[in-house]
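Reader: I am new to reading structures. Please take one helix and go through it closely, then carry on to the charged pairs.

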Amino acid sequence: MVLFPFGRKLEVSRGYSLQEIPLFSSLSPSEIRLIEKRMRLVEYKRGDYVYEEGKPADAFYVIVSGRFRVFQKARGEEDKTLIFLYRGDYFGESSLLTGHVHSASVEARSDGILLKLDKENFLKVLEEIPALSIHLSRTLGHRLTKIEDPGKEKLEVKVASLYSSLSSPDSFQFLEDLATDLVQETKSRVIIIDFLPVPDSSVSQEFLEKTRNRFPLTKVDVTRESDLKPFLLDCPPGFQYLPIDSGKGGDGEKRLSTLLTFLTYRFDFLLIRLGREMGDWSSKALKQSDLAYLLLDPSDTALSKALPIIHELEKTFGFSKSEIKVILPERNNQQSPTFYDEKEKTLNLKIFSVLPVRSKQPERYHSTMRFISKELAGTLLGLVLGSGAAYGLAHIGVLRVLEKENISVDVIAGSSMGALVAAFWASGYRANDLEKIAKSLDRRNAFFKLIGFRDLSLAHHGFFHGHQVTRYMESFLGDRTFRDLQIPVRVVATNLSTSQAHVFETGRIVDAVRASISIPGIFRPLHYAGGLLIDGGILDPLPVDVLAKMGVKKIIAVNVLLGPEDRAQKTRVRAEKRKQFLTQKSDNIVWRKILTPLSERLNQHFSGNIFNVIMHTIQFMEYEIAEVASQEADVLIHPIVHDANWAEFYDPDKFIRAGEEKTLEQIDEIKQLLSE
C-alpha cells in the first residue's frame, strides 16, 4: 500500500477530480473542496488487502481505478466472493455507520487507486454535508443485506424506481422489458413492485384478473412469507410481480421501508413503478432506491415540469446526477437529428437514453433496452481504441478475435485512428469488412483516395484541407448520426481554443471522426461550434476516462503506440534485417555492401521530413499520456509491430495480425473479466 497527497494523482491522470465520481457529482464546489482537504489517495497492488473481515472499521473508501473483490473467509473452504467493485464504487461505510466490525474482507484484484477518508473525517463530512449523509443512508440497507447474508450470490442488490409522465401502458411496457432483460442477461432474481393499476391492453386477461388482488400494504405483516405469497405473481420471462394496494394509514411509509428491506433478502433487483404524482407517498420508495428512471414525454412542457423533480431527487433524496436516468421515447421520424441535442442544451438536461419505438424498430428498441439493463446490472463491457495512425489497423485484428469469441461490446470510445475504426465497426462493418476496406488502399492509390493533390492547402493552416478523407468516409458512412449506430460510441477530439478534450456523442459521425483525425500541421483543424478541433490523441490518446465517466465497469483498452523500448526494439529489428541481407550468399554481395550504407544514409535523410517529425513528436507525447490512462483499464492489449511505421496504411496485414495474436494471448484474461 502506498499513501500520497491527494493532488499528486490528479495531476498525473489529466484532471481526474471528485466531481467525476458519481457519489460526489451533485455536491457544490465548496463541498467538494471540503472533502478534498480530508481525503488521501492510497495505491494498492494486486493481491493487497484493503481491510480484513472481523477488524474494526477505520475509514471510508472510493475507487478511483482498479478492481476490488469483497469476500468472506470460510473455515476449511474456499473464500466466498460476494461482489466485485469497480471505479466509482465505494465501500467501508456500512461498518462505520453501524459501529460493527467489518463483515467481509476487501482485496485488490488489480493495481488500483483508492480515495481514503478516515473515520473521524468521515463522520465530520456527514455532519457538514447533509446531502452525502442522505445518499449513504438511502443505500445502506440493501448494501448491508447482500454482504451480511452468507447465502447470497455475487451481485449486489439494486433498487430502481420509475417515474413516468407517459401513459400507463408505455411505462408498464418499459419496466416489463427491463425486468425481462435483467433476467436474461444476469440470471438474477427480479421483482416488479407496482403502485399503479396494470393497463388492460398490456397483459392477458388471465394475468389482469390476478393483479386485481393487490397486496394490502397497510393491513398485513409485510415480513411474513405466508401473507406475501398469495399476491406474488410469476411472469413467464422469469421475474415476479407484486401489485401494491397502498391504502390508507399513518404507518404506510414505515411499512413500505420494511417491505423493501424484506424483499432485498429474496431478490437481486427491485424495480418499482411509482404513482403518477411525485407527491404520492409511494415516492417514499426513493429513499431506498439506487437509481431513479424518469421516462418522459419529449415535449417542452413535459421536460420543463421534470426539472423540479430532478432537483428534488438531488436535494431531498440525495441522488447524484449519474443516478438520475432521463429516458425519452422517439415519437416519430419527423424530428431532426439534433432534436434531442437541442433539448439537452436549452433545458440543461442530460438525456441518458433515447428509446426507439418498439413496434416500428424492434431491433433497435431491444438493443437499447439491453444497454439500459446491463448498465443497471453494472455488466457493461466497454472497448477503448487508441490513436496511432497506421498502427491503429491492429484494432481490426482485436475486433476480429472479439467477434469470433462472441464477446459482445456494449459501448466503444475511440481517439484519432481508433475513432475511425470504432465508427465503422459500430455502423455495422465487421472485422472482415474493415480488412477489405483497408486492403483496398495500396501504395498506388492510398494517397489519392485519402488525400490527393486537390486537397492541398496553404501550409499555415495544414498541408491538407481534409475534404478528400471526409468524402472517402462518407462513401461508407453517409450521413449517419451517433443515434443511428448499432452500439453507443464516443469520439474524442481536442479543442484548440480551450485546450480541453471534446467528446462527441451526438451529431453526424463523419464530422466527429474528421475532427478526431485532424493531425496538427497535416490536416486543417475542423471548425465546430465556434471553436477549432484537432486530433483527439493530443489530449486523450487512450480515452479510458470517457467510458469510466459513463459508469462502465469493465473496460478493455487497446494501445497501439510504441514506447521507448518498442522503438529501441524496432531499431534492433532493422539492424538484424540489414545484417541478414549482407550475409546472404549471392553474386551481388559487393554491390549490397556498397548500396546498403548508401540506402541507410538516404533513409535517415528522408526520415527527417516534416511529416515524420510531426508524427513522431506527437506519438512520443501520446504514448506517455496513454501509459497513465491504461492504468484505469481492466484489460490492456498492446499489439506492437516493430517492422513498420506510422504511414504504412498500404500494408495492413502485419498490423491486423499483431492485433489478433495479442488479443488471443489475453483472451482468458478477457473472459475472466466478463465472468466477474
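Author: In this predicted model, helix 12 covers residues 362-377. Does its length fit what its residue count implies? What span should 16 residues give, and how far apart are the end C-alpha atoms? At 1.5 Å a residue, the helix should span 22 Å, and its end C-alpha atoms are 22 Å apart, so the two values agree. Several side chains of helix 12 are buried, among them Tyr365, Phe371, Ile372 and Leu376. The buried set also includes the charged residues Lys374 and Glu375. Just after helix 12 comes glycine 378, with a positive phi of about 75°.

Now the charged pairs. The structure holds 36 salt bridges. One of them joins the side chains of glutamate 52 and lysine 73, with 3.2 Å from N to O. Glutamate 52 sits in the loop between strand 3 (49-51) and strand 4 (59-65), and lysine 73 in the loop between strand 5 (68-72) and strand 6 (80-85), so this salt bridge ties together parts that are 21 residues apart in sequence. Glutamate 52 has 30% relative accessibility and therefore counts as partly exposed. Lysine 73 is also partly exposed, at 43%.

A second salt bridge is formed by lysine 350 and glutamate 505, whose side chains meet at 3.1 Å, N to O. Lysine 350 belongs to the loop between helix 11 (339-347) and strand 18 (353-355), while glutamate 505 belongs to the loop between strand 22 (500-504) and helix 18 (509-516), so the pair ties together parts 155 residues apart in sequence. The relative accessible area of glutamate 505 is 29%, which means partly exposed.

Arginine 430 and glutamate 403 make another salt bridge, and their closest N and O atoms are 3.9 Å apart. Here the link runs between the loop that separates helix 14 (417-426) from helix 15 (431-439), where arginine 430 lies, and helix 13 (residues 394-404), which holds glutamate 403; the two residues are 27 residues apart. Arginine 430 is partly exposed at 31% relative accessibility, and glutamate 403 is partly exposed with a relative accessible area of 24%.

Salt bridges can also join up into a network. Arg400, Glu435, Lys439, Asp653 and Glu660 are linked in this way.

Key
Residues numbered from 1 in each chain as written. Predicted model: local features only at pLDDT ≥ 70, side-chain atom pairs only at ≥ 80, totals over all residues. Heavy atoms only, no water. Salt bridge = Lys/Arg side-chain N within 4 Å of Asp/Glu carboxyl O. Helix = DSSP H or I, 4+ residues; strand = E, 2+ residues; numbered from the N terminus. Buried < 20%, exposed > 50% of the residue type's maximum accessible area, 1.4 Å probe, protein only. Expected span 1.5 Å × (residues − 1).
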